[in-house]
Amino acid sequence: MNISGYSIGYYALCHRKAWLKQQGIDMEQESEVVALGRLLHEQAYERTPKDLMLEAVYAGISLVGKLDGANLKDGVLYEVKKSKAAEESHIWQTKFYLWLLKLVGCPNYTGLIQYPLLKKTQPVVLHPEDEVRLGEMVHAIAALFRSPTPPDRNPNRKLCAKCSFEECCYG
Ligand code: SF4
């Protein structure tokens with residue numbers, strides 16, 4: 001079992017979404033919103049290394065990350081997102097990548113989430129309390145992924161209206 005940046009980001013948003021994704025259910029293939037996000041990702045940071053893979057092990061659990069981009073000289077990693085609707089998820093995903101970098105011996109990176117359509121950026125820093133929280137999340141996600149049944153739907157119906165899994169949960 002691997003826990004990825006997407007696992008962390010989805011878990012921060014909705015535990016059920018993280019579980020569905022882990023089962024291989026991928027409604028996002030069909031989502032226009034996700035297709036737009038992919039296009040933005042491809043166009044961003046043409047001159048920086050992209051899709052850098054990271055792997056680490058924490059408490060016997062395999063962690064993997066795919067960074068959208070990084071400026072290795074300046075110690076900045078990038079994430080590209082379409083909208084701020086799931087900003088908390090984006091921040092935790094980016095903190096997870098900063099943590100992965102620290103676990104593999106690169107502790108001095110900072111993160112920058114870019115929203116090209118909004119012309120905005122969001123700096124992200126990994127604090128000691130974030131590392132504690134990420135460790136807790138990794139253990140909770142590992143337990144969640146071992147569960148044969150999904151958790152309940154997220155009570156925040158507004159969130160579901162924007163989720164690519166809505167049909168799966170409510171259809
Ligand atoms: S539709 Fe709602 S309950 Fe279902 S995965 Fe998305 S956010 Fe979670």
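The buried residues of helix H1 are covered by several elements, including strand E1 (2-4), H2, E3, H4, H5 and H6. In this predicted model, eight of the nine residues of H1 are buried, so the helix is largely enclosed by the rest of the structure. The buried residues are Gly5, Ser7, Ile8, Gly9, Tyr10, Tyr11, Ala12 and Leu13.

One of the covering elements, H2, can be described further. Two packed helices are described by the angle between their axes and the distance between the axes. For H1 and H2 the angle is about 145°, and the axes are 5 Å apart. On the H1 side the contact is made by Tyr6, Ser7, Tyr10, Tyr11 and Leu13, which meet His15, Lys17, Ala18, Lys21 and Gln22 of H2. Sorted by class, this contact consists of five nonpolar, three polar and two charged residues.

Strand E1 is another of the elements that cover H1. Ser4 is located in this strand. Ser4 counts as buried because it has 21 C-beta neighbours inside 10 Å, where 20 or more is the requirement. Beyond its neighbours within four places in sequence, Ser4 is in contact with Val64 and Gly65. Ser4 also lies 9.7 Å from Leu54, C-alpha to C-alpha, with the two positions 50 residues apart in sequence.

H1 also takes part in the largest nonpolar core, which has 35 residues. Which of its members touch the most others? They are Tyr11, Leu77, Phe96, Tyr97, Leu98 and Leu100. At least two core residues come from each of helix H1 (5-13), H2, strand E3 (61-71), strand E4 (76-80), helix H4 (87-103) and helix H5 (128-146). H4 supplies the largest share, seven residues. Phe96 shows what such a core member touches: leaving aside neighbours within four places in sequence, Phe96 is in contact with Gly5, Ile8, Gly65 and Leu134.

The chain as a whole has seven helices and six strands. Along the sequence they follow the pattern β-α-α-α-β-β-β-α-β-β-α-α-α. Of the 171 residues in the chain, 31% are buried. Among contacts with a separation of 6 or more, 68% join residues 24 or more positions apart.

The ligand is the next feature to follow. Around it are Cys14, Arg16, Lys17, Leu20, Arg153, Asn154, Leu159, Cys160, Cys163, Phe165, Glu166 and Cys169. Helix H2 (15-22), helix H6 (157-161) and helix H7 (166-170) each give two or more residues to this shell. H2 gives the most, with three. By class the shell divides into seven nonpolar, one polar and four charged residues. Lys17 belongs to the shell and is also among the H2 residues that meet H1.

Some loop residues deserve a look. Most residues other than glycine have a negative phi, and most peptide bonds are trans. Ala59, which is not a glycine, has a positive phi of about 50°. Ala59 sits in the loop between strand E2 (50-58) and E3. With 9 other C-beta atoms within 10 Å, Ala59 is exposed. Lys119 also has a positive phi, near 55°. Lys119 is placed in the loop between strand E5 (110-115) and strand E6 (120-124). Lys119 counts as exposed because it has 7 C-beta neighbours inside 10 Å.

In the loop between E3 and E4 is Asp74. Is Asp74 buried or exposed? With 9 C-beta neighbours inside 10 Å, Asp74 counts as exposed. The C-alpha atoms of Asp74 and Tyr109 are 8.3 Å apart, although 35 residues separate them along the chain.

Confidence in the prediction varies along the chain. The average pLDDT is 87, and 86% of the residues score at least 70. Among the elements, H5 has the highest mean pLDDT (97), while helix H3 (residues 32-43) has the lowest (54). Where pLDDT is low, the predicted coordinates should not be read in detail.

Note on methods. Residues are numbered from 1 along each chain as its sequence is written. This is a predicted model: local features need pLDDT of at least 70, side-chain atom pairs count only at pLDDT 80 or more; totals for chains, interfaces and linings use all residues. A residue is near a molecule or strand if its C-beta atom, placed from the backbone, lies within 6 Å of it. Helices (H or I, at least four residues) and strands (E, at least two) are DSSP runs, numbered from the N terminus. Ala, Val, Leu, Ile, Met, Phe, Trp, Tyr, Cys and Pro count as nonpolar, Asp, Glu, Lys and Arg as charged, and the others, Gly among them, as polar. A nonpolar core is a set of buried Ala, Val, Leu, Ile, Met, Phe, Trp, Tyr and Cys residues joined through C-beta atoms within 7 Å. A residue is buried if 20 or more other C-beta atoms lie within 10 Å of its own, exposed if 12 or fewer, and partly exposed in between; C-beta atoms are placed from the backbone. Two residues are in contact if their C-beta atoms, placed from the backbone, lie within 7 Å. Axes are lines fitted to C-alpha atoms, for helices over the stretch in contact, and angles run from 0 to 180 degrees between N-to-C directions. pLDDT is the predictor's confidence in each residue, from 0 to 100.
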